[in-house]
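I opened this entry to keep track of what I looked up about helix packing and a few single residues. The notes follow the order in which I went through them.

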Amino acid sequence: MNKAERCPVYKKCGGCQYQDISYKKQMEMKQEQVRKLLKPFCRVYPIVGMENPYHYRNKVHAVFDRRPDGAIISGVYEEKTHRVVAVDDCLIEDEKADAIIRDIRGMLRSFKIKTYDEDTGYGLLRHVLVRRGFATGEIMVVLVLGSPILPSKNNFVKALRKLHPEITTIVINVNNKKTSMVLGEKETVIYGRGYIEDVLCGQTFRISPKSFYQVNPVQTEKLYAKAIELAGLTGRERVIDAYCGIGTIGICAADRAREVIGVELNRDAVRDAVRNAKRNEKKNVSFYTADAGKIMLQMAEQGERADVVFMDPPRSGSDEIFMASVVRLRPKRIVYISCNPETQARDLKYFTSNGYRAEGAYPFDCFPFTGHTETCVLLTKANRA
């Protein structure tokens, strides 16, 4: 029996589009997809896969619901619906996180905690989010509730930690709005520090409940090593880390640069980034809560320059206003990391029409068994003047 046959819900869940395809074949398909999209711009190098492509996701999110017979289930929304597909074990999720979610589900009845009903707005528990530090083993549990009061809170924490003493922090997040967003604004730490730490490329990072952190740290280390190599840093460069999140790329590159400027719209992430720079003793890194495009435009207007721009936009890619600001700043190198080769191809068309040349595309399989591929492309200034 192969692993694919052991997942009874993958066709319903929609999380693993390639679960019934051998890993070797997946690599071939992804290589071909990236080659078709990016070959018009540059050479596409062989995809970097995983030795063990299972249970790689260090962040697991479960939604809770109740069946008509009253049984409590936890899992994921069926693709393109709000019907909950019950999932006990997932082949791409961290096994410890899955076990914690199962045990929380088993505790609900004895603590008289009702699951939230999207239609009526009644009930308490909406979601559970578990994040695990791959290198540190630290575990964060986030209970997303419809109201701020968790009955018998201290006993709940005690009971959960008795089952899983490896949990290092538990946070209540309050989401009382009728929304498809998982997390709300208000948070209360009910056990531990309210964050976990992980180690990536030799640097230590603080991760809060709402902060973005790559879900596959094994492949992210390889991806970032390539991105920093492509940046060609010698210790003299001024670097901009656009869409910087909690500062991972910028902090990893800091030892090889003169100065790093990280820019991010998410205030929580920037708060973590500032602490991360301090934690790793990076005195040449500064972070700003702002629109990276506007910052770069201001720099260009004031006659300032940057040598390298790292950009890692969301799946939708960059917009033309942002890309125009990069072109206006005229960095010698742009290192463009993308989780969507389609939008990256669209954006490369803009850059290569505006004075830049794509030098090479490097695919990484950060999401085995799904249709997603991460790619890293180096762009250099075609006219060095």
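**Helix pairs, long helices and single residues**

I began with helix α3 (residues 95-107) and helix α4 (residues 153-163), whose axes come within 11 Å and cross at roughly 135 degrees. I kept in mind from the start that this is a predicted model. Angles over 145 degrees would count as roughly antiparallel, and at roughly 135 degrees the helices α3 and α4 are therefore oblique to each other. I noted the crossing of α3 and α4 as right-handed. On the α3 side the contact is made by Asp103, Ile104 and Met107, and on the α4 side by Phe156, Ala159, Leu160 and Leu163. Sorting the residues of this contact by class, I have 6 nonpolar and 1 charged, with no polar residue.

I then turned to α8 and α9. At what angle do helix α8 (residues 292-301) and α9 pack? The angle is about 30 degrees, and the axes of α8 and α9 are 8 Å apart. Since angles under 35 degrees count as roughly parallel, I entered α8 and α9 as roughly parallel to each other. The crossing in which α8 passes α9 is left-handed. From α8 I listed Ala292, Gly293, Met296, Leu297, Met299, Ala300 and Glu301, which meet Phe322, Ser325, Val326, Arg328 and Leu329 in α9. This contact of α8 with α9 has 8 nonpolar, 2 polar and 2 charged residues.

Staying with α9, I looked at its other partner in these notes. Helix α9 (residues 320-329) and helix α10 (residues 341-352) have axes that come within 10 Å and cross at roughly 40 degrees, and the crossing is right-handed. Glu320, Met323, Ala324, Val326 and Val327 of α9 make the contact with Asp347, Tyr350 and Phe351 of α10. By class I find 6 nonpolar, 2 charged and no polar residues in the contact of α9 with α10. I marked Val326 in particular, as this residue of α9 is listed in the contact with α8 and also in the contact with α10.

Next I checked α10 by itself. Its 12 residues should span 16 Å at 1.5 Å a residue, and the end C-alpha atoms are 16 Å apart, which agrees. I recorded Pro341, Thr343, Gln344, Ala345, Asp347, Leu348, Tyr350 and Phe351 as buried in α10, and the buried residues of this helix pack against α2, β13, α9, β14, β15 and β16.

I made the corresponding check on helix α5 (residues 217-231), which has 15 residues and reaches 21 Å from its first C-alpha to its last, close to the 21 Å expected. Which residues of α5 are buried? They are Pro217, Gln219, Thr220, Leu223, Tyr224, Lys226, Ala227, Ile228, Leu230 and Ala231. These buried residues pack against β8 (196-200), α6 (248-253), β13 (308-311), β14 (333-338), β15 (356-364) and β16 (374-381). After α5 comes Gly232, and I noted its positive phi, near 60 degrees.

Positive phi values outside glycine were my next item. His55, in the loop between α2 (23-38) and β1 (59-66), has a phi near 55 degrees, and at 22% relative accessibility His55 counts as partly exposed. Arg330, in the loop between α9 and β14, has a positive phi of about 60 degrees although it is not a glycine, and at 33% relative accessibility Arg330 counts as partly exposed.

Last, I looked up two lysines. Is Lys282 buried or exposed? Lys282 lies in the loop between α7 (267-279) and β12 (285-289), and with a relative accessible area of 10% it falls under the 20% cut-off for buried. Leaving aside neighbours within four places in sequence, I find Lys282 in contact with Gln203, Ile251, Ala254, Asp255 and Ala277. The C-alpha atoms of Lys282 and Glu374 are separated by 27 Å, with these positions 92 residues apart along the chain.

Lys36, which I located in helix α2, is exposed at a relative accessible area of 61%. From Lys36 to Glu342 I read 9.9 Å, C-alpha to C-alpha, for two residues that are 306 residues apart in sequence.

Notes: Residues numbered from 1 in each chain as written. Predicted model: local features only at pLDDT ≥ 70, side-chain atom pairs only at ≥ 80, totals over all residues. Heavy atoms only, no water. Axes fitted to C-alpha atoms, helices over the stretch in contact; angles between N-to-C directions. Helix = DSSP H or I, 4+ residues; strand = E, 2+ residues; numbered from the N terminus. Parallel < 35°, antiparallel > 145°, perpendicular 65-115°, else oblique. Left-handed = near helix turned anticlockwise from the far one by under 90°. Contact = heavy atoms within 4.5 Å. Nonpolar A, V, L, I, M, F, W, Y, C, P; charged D, E, K, R; others polar. Expected span 1.5 Å × (residues − 1). Buried < 20%, exposed > 50% of the residue type's maximum accessible area, 1.4 Å probe, protein only.
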